[in-house]
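Please read the following walk through a predicted model with the sequence and the coordinates open beside the text. The route goes from a contact between chains to the strands of a single chain.

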Amino acid sequence: MIEFKNVSKVYPNGTRGLKNINVKIEKGEFVVVVGLSGAGKSTLLRSINRLHEVSDGEIIVGGKSITKAQGTDLYRIRRDIGMIFQHFNLVKRSSVMRNVLSGRVGYHATWKMVLGLFPKKDKELAIQALKRVNMPEKAYMRADQLSGGQQQRVSIARALAQEAKLILADEPVASLDPLTTKQVMDDLQHINQELGITMVVNLHFIDVARKYATRIIGLKQGEVVFDGPVENATDEMFAEIYGRPLEEDEIMGVAR
Amino acid sequence: MRTAELKNQTTGMPAPPKKTKQHITVLLVLLLVMASGWQIGFSLEELMSGLPNMWDLIVQLIPPNWGYFSQITVPILETIRMAVVGTTIGGLLAAPLSMLAARNVIHTSWVTIPCRFILNLIRTLPELLLAAIFVAIFGIGPIPGIFALALFSLGIIAKLFYESIESIDPGPMEAMTAVGANKIKWIVFGVVPQVTSTFVSFFLYAFEINVRAAAVLGLVGAGGIGLYYEQTLGFFEYDKTASLIVYTLAVVLIIDYVSTVAREKLT
Amino acid sequence: MKRDKSLLIIRRVLVVIAVLAVYIWAFSGLPVLQFKETSMEVISSIFSGLLQPDWTYVYDPKGEDLLRGLLDTLAIALLGTFIASFLCIPFSFMAARNIMKNKAIVGTNKFILSFIRVFPDIVLALLFIKAVGPGAFSGVLALGIGAVGMLGKLISEDMEGVDLSAREALVATGANPVKTLMFAVIPQVLPNFFSFVLYRFEINVRAATILGIIGAGGIGTPLIFALSVRDWERVGIILLGIIVMVTMIDIISGKIRARLT
C-alpha cells in the first residue's frame, strides 16, 4: 500500500526532518506513529500525500510513485488518500454537507465544481458517510455550530465520502477530551475493520496508541527506532522511543 | 428487517434547506441587470466597436507631453488650495454640528433629529452636483468649488464625527455634571479632550477625498485642474491629457501618503 | 531624557509652522469673495424652486422626464457595479498575499488597484466618451472600471484575513488550485463580497447622478441643462428626485448589508 524507499528530508535551515526511512505498510493495517513532538511524525505523514516534499528517496502509494507524480497524476493519487487534521480544517462557514461533499471534488471536472454541480450519487455517498459517523441529523448545520468532536467526525465523513483507500490522521484527538477521543478513535477503528481502509495515525498518547493500533512505528529525531506489532511495544520500548521514562501527560486514560 | 433499515434511512435525514430564496434573489438581480441594460440601450456591438477606439486612445495618451507640466503647475496648486480651504470651512462647521447631532451630548431629540436630517441630506448630493449649483450662484471660478467642497466635507466629517462622539467614555462628562459646569464648559472639558484626535483624523481623511474631488470640479467651471481635462480632450491633445492625469495622480498619491502617515501618528 | 523632550518640542514647532505656512499660502492666494448682485437672487430662486418644484416634469409620457432620468441613473449604477463585481475578482485573488505566493504579482496587482482607486470616475467617463461616444454606455464603463479599485482592495484585504486551514484539507483530497479556492476560500469571503458590492452600489448611485454633467448619461444632463437656462422649478424637482432616490437606495442597501453579516 505505502512504501518508503530511503526517504530523507532536510529543511532549508539545515535541520534533518527524516533520516533514511524504509518502511512498508500493507493494506488494512492500523499503523500508529509515536514519538516526541519534533520527532518527525507530522513530516512523515504529510510526505505520504506530499503536503510536504521530501529531499531524497521515493514514496510509492498504491503502486504509483507520488514523489514523481505531477499535475493531474498527483491529484489522482491524492484522491485515494483521505486526511484528518488536529484542528479539523473544515470550512467553518459552510454547511456540514458541503464540507463532506468537498471530499468529492477530485472526481469531477473543474467547471462543474466551480458551479457546485455534484451528481446525485455523491450526495448519497455524503449522507452514508455522515450516517457512519452518526451525524446525519447535522447535515445542514453550519460547521462552526458543532463541537470539536463533532467537527472531527465530519472530517472523517469527508475522508469516507472521498472513497479513500488510505486515511492519514495527524494527531486527530490532540484537541479533544477523553470521551470524544474514544468516539473518534472508535470511528476510525470501525472504518479500518469494516471497510478495510488502511490507517496511518500520529498519536501522542501511548495508551490510545496501544488500544487501537495493530502496528506501531516509533520515531526519534527523524529515524525509525521501533517498528513492530503492538504486542512488542512494551513500556521499556516506549521509554526508549521517548528517550526517558513515560510521563503523566503521555497517558490519556482512555484505555482504562 | 430491510424495510425497517430503509425507513430509518429516510427518517434519519433532515430535509435539505430550501434554496428558493437564493434562487429568487439571483433571478431578481439578473432581471434588474437585464432591465437596466434595456433601459439605457446597452449593446455588446457598441462595446466591440468601441474597444479599438479605446486602444487608439490609450496609444495616443502615451507618452505624456512633458513640457506641459510646467504650464499646469498653477492650476494644480489652485486645486490643492481649494481642497485646503474647503476642508477647513467644512471642518469648522462640522465640529459644532456634530455636537448638536450626538445624542449623548444633546439630550433633546428635537435638536439631534433635525441636525441628523440636514447632514444626511447633504450627504446625498455628490460634490460635482453641489459645484454645479454653486457655479450658478457665484459664477465661474474657485469660489463655488470651495463652497461645494466645504459642504461636501461637512457631510463626511460630521457623520463620522458624531458617531464617534456617541461612543466616548461617559465618565468625564458625568464628572463635569457633578462639579456643576454649564453646558458649554461641560462640552469643552468633558467631551472635547476625548475627541480631538479623532476629529483631526477625520479632517485629514476628508482632505484626502477633497483633493481628488477638487481635481474634477473644473468640469463645471468651479476652478482647479478639471477645466483643463475638457480643454485638452476637446482639442484632441491627448498627450496633454496624459500629463494632467500623471500630475494629478502624483499629487494625490503624495498627499494621501503624507496624510496617512499623519493619521497613523495621531492614533 | 531631556534631549528627547526638546526634540519632541522642536518637532511639534516644525509641524505647527508647516501647517501655518500651508494655511497662509492657501488663504492668501484666494480670490476675494464677491457676491454678484444676482447671487442672493439665485439662492432665493433655488430655495423657492425647491419649495415649489415643477411637478409636471415628474412624469411625461411623451419624452424626457424625471422618472426616466432617475431610472437611467439607477440603471447606469447597477450595470456599472455588476460589471465591476466580476472584473474585480481576478484582481482580488492576485492581490491577496496569502493566496498568491508570488510577491511580484501581488505587488503589481496592489499597485494597479490603488492606481484605479485614485483615478476619479468622472475622468474615466471623459476618456470613455472619447472612445465610445457620449451617452449612458460610457458612464456604465466608467463606473464598471472605476469601482474595481475599491472593491479589489477591500476584497483582497478581506481574503488576507481568511482561515486557510481548510485549504490544506482540500489539497489533500486531490483538488487542483481552482477547486481549492472554490471550496476553501470563497465560502468565507462571499458574504463580505456581497456587502462590499452593495456598499459600492450606494456610492455608484451618487456618482451616476453627476455623469450626465459631462454627457455620460443619467439625470445629470437635464439638471445641468435646467441650471444653464435658470429653470429653478425644474432644478428643484430634479434635486428632490435625486435626494429621494439616493436616500431610498441607502436605506434598502443598508438593510440588506446588515442582514448579510
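In this predicted model, 58 residues of chain C are in contact with 56 residues of chain B. The size of an interface is often given as the accessible area lost when the parts come together. By that reckoning chain C and chain B bury about 5000 Å² between them, and 80% of this area lies on carbon and sulfur atoms. On the side of chain C that touches chain B, the element that gives the most is helix 3 of chain C, residues 66–94, with 9 residues. Taken by residue class, that side of chain C divides into 45 nonpolar, 4 polar and 9 charged residues. Although 9 charged residues are present on the side of chain C, the rule finds 0 salt bridges across the interface of chain C and chain B. For polar contacts, the rule finds 7 residue pairs across this interface, with both partners at pLDDT 80 or more.

From here the path turns to chain A, beginning with strand 3, which covers residues 30–34. Is this strand of chain A largely enclosed or open, and why? With buried taken as under 20% relative accessible area, 5 of the 5 residues of strand 3 of chain A are buried, so the strand is largely enclosed by the rest of the structure. Both of its faces are covered, since A:F30, A:V32 and A:V34 are buried on one side and A:V31 and A:V33 are buried on the other.

The pairing partners of strand 3 of chain A include strand 8 of chain A, residues 198–202, to which it is joined by 4 bridges in a parallel arrangement. Within this pairing, A:V31 stands opposite A:V200 in strand 8 of chain A. Strand 9 of chain A, residues 215–220, is also joined to strand 3 of chain A by 4 bridges, and these two strands run parallel. Here A:V33 is the residue that stands opposite A:I217 in strand 9 of chain A.

Strands of a sheet pair through backbone hydrogen bonds, either parallel or antiparallel. Chain A also has an open sheet of 4 strands in the order 2-1-4-5, with antiparallel pairing. The edges of this sheet are strand 2 (16–25) and strand 5 (64–65) of chain A, each of which pairs on one side only. Strand 5 of chain A is joined by 2 bridges to strand 4 of chain A, residues 56–61, and the two run antiparallel. In this pairing A:I60 stands opposite A:S65 in strand 5 of chain A.

Definitions and conventions:
Residues numbered from 1 in each chain as written. Chains lettered and ligands numbered in written order. Predicted model: local features only at pLDDT ≥ 70, side-chain atom pairs only at ≥ 80, totals over all residues. Heavy atoms only, no water. Contact = heavy atoms within 4.5 Å. Buried area = accessible area lost by both parts, 1.4 Å probe. Salt bridge = Lys/Arg side-chain N within 4 Å of Asp/Glu carboxyl O. Polar contact = N/O pair within 3.5 Å; in protein donor to acceptor, adjacent residues only side chain to side chain. Nonpolar A, V, L, I, M, F, W, Y, C, P; charged D, E, K, R; others polar. Buried < 20%, exposed > 50% of the residue type's maximum accessible area, 1.4 Å probe, protein only. Pairing = 2+ DSSP bridges.
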